[in-house]
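Student: I would like to go through this model and ask what lies behind the terms used for it.
Tutor: Go ahead; we can set each value against its definition.

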Amino acid sequence: MIKENLRLIQQSLPDKVTLIAVSKTHPVELIREAYEAGQRHFGENKVQEMMDKKPLLPDDVKWHLIGHLQSNKVKYIAPFVHLIHSVDSLKLLIVINKEAAKNNRVIDCLLQIHISTEETKFGLDAQELTQLLDSSEYAILSNIRVCGLMGMASFSDDLILVRNEFRGLNNLFQQIKSSHFHSDSSFSILSMGMSGDYVLAVEEGSNMVRVGSSIFGQRVYNSE
Ligand SMILES: *Cc1c(COP(=O)(O)O)cnc(C)c1O
């Protein structure tokens, strides 16, 4: 089932698009099934859950943190995380830089941009993004690398709205690439698109999609 889902999704994606299998809430057995089908990039939205799963899976799994990250939890994932998609403040970037330095590594990050009409979603707006990248505090960070942008579109059936949000993010990505990263080829990732909208996102220029339920099935949350 998972193997077939992955195959169908991979088949529909252009070669340049990286598929992140979002495994949050799903047990390690299902992740292993995806791993055995060749999937290597996995996304989790909680630090604790990533920490619990990592030791139970092979070392060549590439772990993506896609959910909101609290500064006090960075230290747990700093030794191994492959890419943090959800950086939305200079303060957080500074903490990531510090923890990366302790581990003698450079941590790749995406800056999360608020593109949806929803209030609840995290992220910077275009002005805050520019401010961050222009700041002297950012300029001295040598153990993080900003590799691109991430965004989540509105949870909506209005495909025109969703497409416009993706298009806007791609425009911002291109603009920032030329204004702040013109000589830096590592600024190359545009992470947008989930199960319900990744086809649209790819049409609008995404090269990294974060797909959960279309691979693993619906998530079941424990009611608390
Ligand atoms: C859960 C989640 C996804 C995947 O959602 P699906 O609709 O299950 O594909 C993608 N991105 C983020 C940030 C998420 O939290």
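**Reading the terms**

Tutor: Helix H2 (residues 28-36) has the buried residues Val28, Ile31, Ala34 and Tyr35. Keep in mind that this is a predicted model.

Student: Why are the buried residues of H2 said to line one face of the helix?
Tutor: Seen down the axis of H2, they fall within an arc of 115°, so they line one face. The face turned away from them carries the exposed residues Glu29 and Glu36.

Student: What do the buried residues of H2 pack against?
Tutor: They pack against helix H1 (2-12), strand E2 (41-44), H3 and helix H10 (213-216). Just after H2, Gly38 takes a positive phi of about 105°.

Student: Why is Lys53 called buried?
Tutor: Buried means under 20% relative accessible area. Lys53 has 6%, so it is buried. Lys53 lies in helix H3 (residues 47-53).

Student: What makes the pairing of Lys53 with Glu44 a polar contact?
Tutor: The cut-off for a pair of N or O atoms is 3.5 Å. The side chains of Lys53 and Glu44 make their contact at 2.8 Å, which is within that limit. In addition, the backbone oxygen of Ser23 lies 2.9 Å from a polar atom of the Lys53 side chain.

Student: Which other residues is Lys53 in contact with?
Tutor: Leaving aside neighbours within four places in sequence, the contacts of Lys53 include Lys24, Thr25, His26, Val28, Ile31 and Trp63.

Student: What is notable in the phi of Thr25?
Tutor: Phi of Thr25 is near 70°, a positive value in a residue other than glycine. Thr25 is found in the loop between strand E1 (18-22) and H2.

Student: Why is Thr25 called partly exposed?
Tutor: Partly exposed covers what lies between under 20% and over 50%. Thr25 has a relative accessible area of 28%, so the term partly exposed applies.

Student: Is Asn104 buried or exposed, and how do you know?
Tutor: Exposed means over 50%. Asn104 has a relative accessible area of 72%, so it is exposed. Phi of Asn104 is near 55°, again a positive value in a residue other than glycine. Asn104 sits in the loop between helix H5 (90-102) and E5.

Student: Is Glu99, in helix H5, buried or exposed?
Tutor: The relative accessible area of Glu99 is 8%, so with the limit for buried at under 20%, Glu99 is buried. The side chain of Glu99 makes a polar contact with the side chain of Lys102 at 3.2 Å. Not counting residues up to four places away in sequence, Glu99 touches Val74, Lys75 and Ala78.

Student: How do you know that the span of H8 is close to what is expected?
Tutor: Helix H8 (residues 159-180) has 22 residues and reaches 31 Å from its first C-alpha to its last, close to the expected 32 Å. At the start of H8, a side-chain oxygen of Asp158 reaches to within 3.2 Å of the backbone nitrogen of Ile160.

Student: Which residues of H8 are buried, and why are they said to line one face?
Tutor: They are Val162, Glu165, Phe166, Leu169, Asn170, Leu172, Phe173 and Ile176. Seen down the axis of H8, these buried residues fall within an arc of 160°, so they line one face of the helix. Ile160 and Gln175 are exposed on the face turned away from the buried side. The buried residues of H8 pack against strand E5 (107-114), helix H6 (126-134), strand E6 (144-152), strand E7 (189-192) and helix H9 (198-203).

Student: Which residues have the most contacts inside the largest nonpolar core?
Tutor: They are Ile84, Leu93, Ile96, Leu111 and Leu149, in a core of 64 residues. H8 gives the largest share of this core, six residues. Apart from it lies another core, of seven residues, among them Leu83, Leu110, Cys147 and Met208.

Student: What makes Arg210, Ser213 and Arg219 polar partners of the ligand?
Tutor: The limit is again 3.5 Å between N or O atoms. A polar side-chain atom of Arg210 lies 2.9 Å from a ligand nitrogen. A polar backbone atom of Ser213 is 2.8 Å from a ligand oxygen. For Arg219, a polar side-chain atom lies 2.7 Å from an oxygen atom of the ligand. Other residues around the ligand include Val22, Lys24, Ile66 and Met152.

Conventions. Residues are numbered from 1 along each chain as its sequence is written. This is a predicted model: local features need pLDDT of at least 70, side-chain atom pairs count only at pLDDT 80 or more; totals for chains, interfaces and linings use all residues. Side-chain values use heavy atoms; hydrogens and water are left out. Helices (H or I, at least four residues) and strands (E, at least two) are DSSP runs, numbered from the N terminus. Buried means under 20% relative accessible area, exposed over 50%, partly exposed in between (1.4 Å probe, protein chains only). A polar contact is a pair of N or O atoms within 3.5 Å; within protein, one must be able to donate a hydrogen and the other to accept it, and residues adjacent in sequence count only if both atoms are side-chain atoms. Contact means heavy atoms within 4.5 Å. The expected span of a helix is 1.5 Å times one less than its number of residues. The arc is that of the directions from the helix axis to the C-beta atoms. A nonpolar core is a set of buried Ala, Val, Leu, Ile, Met, Phe, Trp, Tyr and Cys residues joined through side-chain atoms within 4.5 Å. A residue is near a molecule or strand if one of its heavy atoms lies within 4 Å of it.
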